[in-house]
Amino acid sequence: MASALEELQKDLEEVKVLLEKSTRKRLRDTLTSEKSKIETELKNKMQQKSQKKPELDNEKPAAVVAPLTTGYTVKISNYGWDQSDKFVKIYITLTGVHQVPTENVQVHFTERSFDLLVKNLNGKNYSMIVNNLLKPISVESSSKKVKTDTVIILCRKKAENTRWDYLTQVEKECKEKEKPSYDTEADPSEGLMNVLKKIYEDGDDDMKRTINKAWVESREKQAREDTEF
């Protein structure tokens, strides 16, 4: 869509063409008057445009602020943790994290989870989400600390003076599945056999020879006892 300035320029060109072709005085006078009006209006429009340009330049920001979130996001999987009577403490090592602005290190807590986000650390974002904490925490009293190359997540225990054997419920369930299960109603010898079988399968050649020897001696002893009776 043409601007008003462009339209005036086209009108002026058209009037000039008509003036060149016109021979009648009355028509030429009218066209000359119209030409003067268009030229005056065109001049005023150009002056207005030149005055607005510096104003627009002044409105531009002095510098473009780069967004906090840049680069790609790295999932944090390595961490350590310990506990006191009141807190469960999670330690995350991130080189240079103490040098980023405070607002770039954010932690969101719920009663059974926390979500850490570190923005724009060496051109990357770092994220760590831990769900299903072993026990409830106090959201209001939980916090974070940033030390040299380290972020410490402080989860305030809702029940103080209680020990956490695991950080999450999932970790607890996984560890418990690895433990050998003993059925109290089953034959005790069957449970022992399962344990020996697992040791045999996981053991080296010396372990297997030792178990085989013990098994043979046990069977021979059992056979002798059966013969005596």
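What follows is a set of short questions and answers on a predicted model of a protein chain.

Student: How many helices and strands does the protein chain have, and what pattern do they follow?
Tutor: Start with the counts. The chain has five helices and eight strands. Read along the sequence, the pattern is α-α-β-β-β-β-β-β-β-β-α-α-α.

Student: What share of the residues of the protein chain counts as buried?
Tutor: Buried means under 20% relative accessible area. The protein chain has 229 residues. The share of them that meets this cut-off is 21%.

Student: How much of the accessible surface belongs to carbon and sulfur atoms?
Tutor: Take the total to begin with. The accessible surface of the protein chain is about 17,300 Å². The part belonging to carbon and sulfur atoms is 50%.

Student: Which strand gives the most to the largest nonpolar core?
Tutor: The largest nonpolar core holds 24 residues, and Ile-90, Leu-94, Phe-114, Leu-116 and Ile-153 have the most contacts inside it. Strands 3, 4, 5, 6 and 8 each supply at least two residues of this core. With four residues, the top contributor is strand 5.

Student: Why would such residues sit together?
Tutor: In soluble globular proteins, nonpolar side chains tend to be buried together. Here, a second core lies apart from the largest one. That second core has eight residues, including Leu-5, Leu-19, Leu-31 and Leu-42.

Student: Which residues does Leu-116 touch, leaving out those up to four places away in sequence?
Tutor: Leu-116 is among the residues with the most contacts inside the largest core. Contact means heavy atoms within 4.5 Å. By that cut-off, the partners are Ile-76, Ile-92, Val-105, Gln-106, Val-107, Tyr-126, Ser-127, Met-128, Val-151 and Ile-153.

Student: Which strands form the edges of the open sheet?
Tutor: The open sheet has four strands in the order 1-6-5-4, with mixed pairing. An edge strand pairs on one side only. In this sheet the edges are strand 1 (73–75) and strand 4.

Student: By how many degrees are neighbouring strands of this sheet turned against each other on average?
Tutor: Recall the order of the sheet, 1-6-5-4. The angle is taken between neighbouring strands, with direction ignored. The average is 20 degrees.

Student: Do strand 4 and strand 5 run parallel or antiparallel?
Tutor: Six bridges join these two strands. They form a hairpin with two residues between them. Phe-109 stands opposite Phe-114, and Thr-110 stands opposite Ser-113. The direction is antiparallel.

Student: Which residue in the turn between strand 5 and strand 6 has a positive phi?
Tutor: Strand 5 and strand 6 pair in the antiparallel sense over six bridges. One bridge joins Val-118 to Tyr-126 in strand 6. The hairpin has two residues between its strands. At about 55 degrees, the residue with the positive phi is Asn-122.

Student: With which residue does Glu-111 form a salt bridge?
Tutor: Glu-111 lies in the loop between strand 4 and strand 5. Its partner lies in the loop between strand 8 and helix 3 (169–178), 47 residues apart from Glu-111. The closest N and O atoms are 2.3 Å apart. The partner is Lys-158.

Student: Is Glu-111 exposed or partly exposed?
Tutor: Exposed means over 50% relative accessible area, buried under 20%. Glu-111 has 38%. That value falls in between, so Glu-111 is partly exposed.

Student: Why do Arg-163 and Asp-165 both count as exposed?
Tutor: The side chains of Arg-163 and Asp-165 meet in a salt bridge, at 3.4 Å from N to O. The cut-off for exposed is over 50%. Arg-163 is at 60%. Asp-165 also passes the cut-off, because its relative accessible area is 52%.

Student: How far apart are the C-alpha atoms of Trp-81 and Ile-152?
Tutor: Trp-81 lies in strand 2 (residues 80–83). Beyond its neighbours within four places, Trp-81 is in contact with residues including Ile-90, Trp-164 and Leu-167. Trp-81 and Ile-152 are 71 residues apart along the chain. Their C-alpha atoms are separated by 9.2 Å.

Terms used
Residues are numbered from 1 along each chain as its sequence is written. This is a predicted model: local features need pLDDT of at least 70, side-chain atom pairs count only at pLDDT 80 or more; totals for chains, interfaces and linings use all residues. Side-chain values use heavy atoms; hydrogens and water are left out. A nonpolar core is a set of buried Ala, Val, Leu, Ile, Met, Phe, Trp, Tyr and Cys residues joined through side-chain atoms within 4.5 Å. Buried means under 20% relative accessible area, exposed over 50%, partly exposed in between (1.4 Å probe, protein chains only). Two strands pair if DSSP finds at least two bridges between them. Axes are lines fitted to C-alpha atoms, for helices over the stretch in contact, and angles run from 0 to 180 degrees between N-to-C directions. A salt bridge is a side-chain nitrogen of Lys or Arg within 4 Å of a carboxyl oxygen of Asp or Glu. Accessible areas come from the Shrake-Rupley method with a 1.4 Å probe; for residues, only the protein chains shown count as cover.
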